[in-house]
Amino acid sequence: MNSIAVLGLGKVGTLAAQLLVDSGFVVTGVDMQADPDKHTHKVERIDVTDAASLGTLFADVDAVLSCLPYHLNIGVADVAHAAGIHYFDLTEDVPTTNHVRKLAETSKGLMAPQCGLAPGFVGIVGADLIAQFDECRSCRMRVGALPQNPTGLLGYAFNWSPEGVVNEYLNDCEVIEEGERKMVSAMEWQEKVFIDGLELEAFTTSGGLGTMCETYHGRVHNMDYKTMRYPGHFDLMNFFFHELLMREDREKAGRILVNAKPPVDQDVVFVHVAAEGHIGGKLSRKEFVGAYKPLEIAGRSRTAIAWTTAGSVVAVIEMVKAGKLPSNGFLKQEDIPLSDLLETRTGSFYTR
């Protein structure tokens with residue numbers, strides 16, 4: 001695998017494409033609005049909803065990374081499957097992943113959705129902690145992408161796709177509770193979390209576990225994923241979506257929220273993963289806690305959410321190229337060794 005198409009050159013896609021160039025890949029970026037002069041790789045303006053145009057592009061590459069809004073990924077995956085190339089995406093959308101998984105049953109290349117931060121990196125960390133126990137009774141995964149210097153009562157900035165955030169807040173969430181695999185409502189199970197003395201609140205949001213509940217059902221007694229926010233956010237978003245009925249118009253809800261809380265450059269990504277169980281007959285707890293801030297990469301400052309998301313998928317792609325991951329079929333994030341990911345050129349950013 002030497003050549004790859006990166007679809008969608010927003011902040012994450014632009015950085016992922018640059019990281020792939022820096023890792024030795026031949027990259028073709030695809031974005032109708034992109035300025036070719038601002039990139040170090042080839043850029044094409046192709047309608048990504050046109051299967052014929054994508055098919056022509058995919059005939060000349062070994063893989064595709066979709067950094068597009070989740071609702072466009074099924075069409076891209078179908079064309080990638082037909083072309084027999086590797087497919088990677090960042091989606092948290094469960095129906096999209098289920099569709100990709102079905103394609104993987106007959107794929108010539110690797111089908112690897114959910115390769116971002118959550119799902120993605122957080123699941124890789126969770127699997128690493130679980131593997132350290134003889135018997136694991138719980139694994140709790142928490143991620144928060146936040147402004148470093150919040151303002152207003154929401155204490156938030158939309159540095160991520162508004163469509164994705166709204167879906168996470170409204171779609172049902174899969175968990176394992178007391179050994180039972182089940183679906184629960186989003187924005188429930190509120191709790192406090194402290195990282196370096198900073199108080200945050202966490203609550204259920206959809207998609208962050210990827211395929212982990214299926215993998216660990218019968219092996220881990222309790223498992224859930226929650227988003228972390230600054231205190232007060234939870235109550236206000238419940239009011240916005242449920243009392244004001246904005247859940248009935250998701251597109252409008254996203255527009256209102258982004259207009260009120262636009263992206264910021266100085267952000268922080270908190271990761272808090274904790275597992276409990278028995279090791280050698282003794283009850284133990286293992287934790288992975290990180291607070292990631294913007295980094296300078298390729299001569300530019302990159303937001304924390306951009307590099308933690310792009311870094312995870314590019315590290316996975318590096319591992320596939322190096323033969324450390326399968327070359328076909330469906331890839332679960334929990335099957336990716338954390339130690340190998342951190343040893344890649346791009347994965348090493350997480351240890352800085």
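Visitor: Which residues does Asn73 touch, leaving aside its neighbours within four places in sequence?
Guide: In this predicted model, Asn73 is in contact with Ser66, Leu68, Tyr87, Asp89, Thr91 and Thr96, once those neighbours are left aside. Asn73 itself belongs to helix 3.

Visitor: And is Asn73 buried or exposed, and how do you know?
Guide: The relative accessible area of Asn73 is 1%. The cut-off for buried is under 20%, so Asn73 gets the label buried.

Visitor: Let's try another residue. Why is Arg101 called buried, partly exposed or exposed?
Guide: Arg101 sits in helix 4 (residues 94–104), with a relative accessibility of 27%. Buried would need a value under 20%, and exposed one over 50%. The 27% falls in between, so Arg101 counts as partly exposed.

Visitor: What does Arg101 touch, not counting residues up to four places away in sequence?
Guide: Arg101 touches Thr211, Glu214, Phe330 and Lys332. For these pairs to count as contacts, heavy atoms have to be within 4.5 Å.

Visitor: How about Thr344: buried or exposed?
Guide: You'll find Thr344 in the segment after helix 11 (338–343). Its relative accessible area is 10%, and that is under the 20% limit, so Thr344 is buried. Not counting residues up to four places away in sequence, Thr344 touches Ala315, Glu318 and Met319.

Visitor: On to the sheet. In what order do the seven strands of the open sheet come?
Guide: The order is 3-2-1-4-5-6-17, and the pairing is parallel.

Visitor: Why are strand 3 and strand 17 said to stand at the edges?
Guide: Strand 3 (42–44) and strand 17 (329–330) each have a single partner strand, so one side of each has no neighbour in the sheet.

Visitor: What makes strand 2 and strand 3 a pair?
Guide: A pair needs at least two bridges. Strand 2 (residues 26–30) and strand 3 have three bridges in the parallel sense, so they pass. One place to look is Gly29, whose bridge partner in strand 3 is Val43.

Visitor: How many bridges does strand 4 make with strand 1, and how many with strand 5?
Guide: Strand 1 and strand 4 run parallel and are joined by four bridges. Strand 4 and strand 5 also pair in the parallel sense, over four bridges. For the strand 1 side, look at Leu7, whose bridge partner in strand 4 is Ser66. For the strand 5 side, look at Val64, whose bridge partner is Tyr87.

Visitor: Which way do the residues of strand 4 point?
Guide: Ala63 and Leu65 point one way, while Val64 and Ser66 point the other way. All of these are buried. Here's the wider rule: in a regular strand, side chains alternate between the two faces of the sheet.

Visitor: What do strand 4, helix 3 and strand 5 make together?
Guide: They make a right-handed β-α-β unit. The name right-handed is used because, with the strands pointing away from you, the path over the helix to the second strand runs clockwise.

Visitor: And at what angle does helix 3 run to strand 5?
Guide: Helix 3 (residues 73–83) runs at about 165° to strand 5 (86–89). Angles over 145 degrees count as roughly antiparallel, so that label fits helix 3 and strand 5. Helix 3 also lies across strand 1 (3–7), strand 4 (63–66) and strand 6 (110–112).

Visitor: Why is helix 6 called roughly perpendicular to helix 8?
Guide: Helix 6 (residues 162–170) and helix 8 (residues 233–243) pack at an angle of about 90°, with their axes 11 Å apart. Roughly perpendicular covers 65 to 115 degrees, so the label suits helix 6 and helix 8. Helix 6 brings Val166, Tyr169 and Leu170 to the contact, and helix 8 brings His233, Met237, Phe241 and His242. By class, the contact has five nonpolar, two polar and no charged residues.

Visitor: Last one. How do you know that strand 11 is mostly covered?
Guide: Five of the seven residues of strand 11 (residues 198–204) are buried. Strand 11 also runs antiparallel to strand 10 (residues 191–195), joined to it by five bridges, with Ile195 opposite Leu198. Between the two strands of that hairpin there are two residues, and Asp196 takes a positive phi near 50°. Strand 11 pairs with strand 12 (residues 220–229) too, in the antiparallel sense over four bridges, and there Ala202 stands opposite Met228.

Methods:
Residues are numbered from 1 along each chain as its sequence is written. This is a predicted model: local features need pLDDT of at least 70, side-chain atom pairs count only at pLDDT 80 or more; totals for chains, interfaces and linings use all residues. Side-chain values use heavy atoms; hydrogens and water are left out. Buried means under 20% relative accessible area, exposed over 50%, partly exposed in between (1.4 Å probe, protein chains only). Axes are lines fitted to C-alpha atoms, for helices over the stretch in contact, and angles run from 0 to 180 degrees between N-to-C directions. Angles under 35 degrees count as roughly parallel, over 145 as roughly antiparallel, 65 to 115 as roughly perpendicular and the rest as oblique. Ala, Val, Leu, Ile, Met, Phe, Trp, Tyr, Cys and Pro count as nonpolar, Asp, Glu, Lys and Arg as charged, and the others, Gly among them, as polar.
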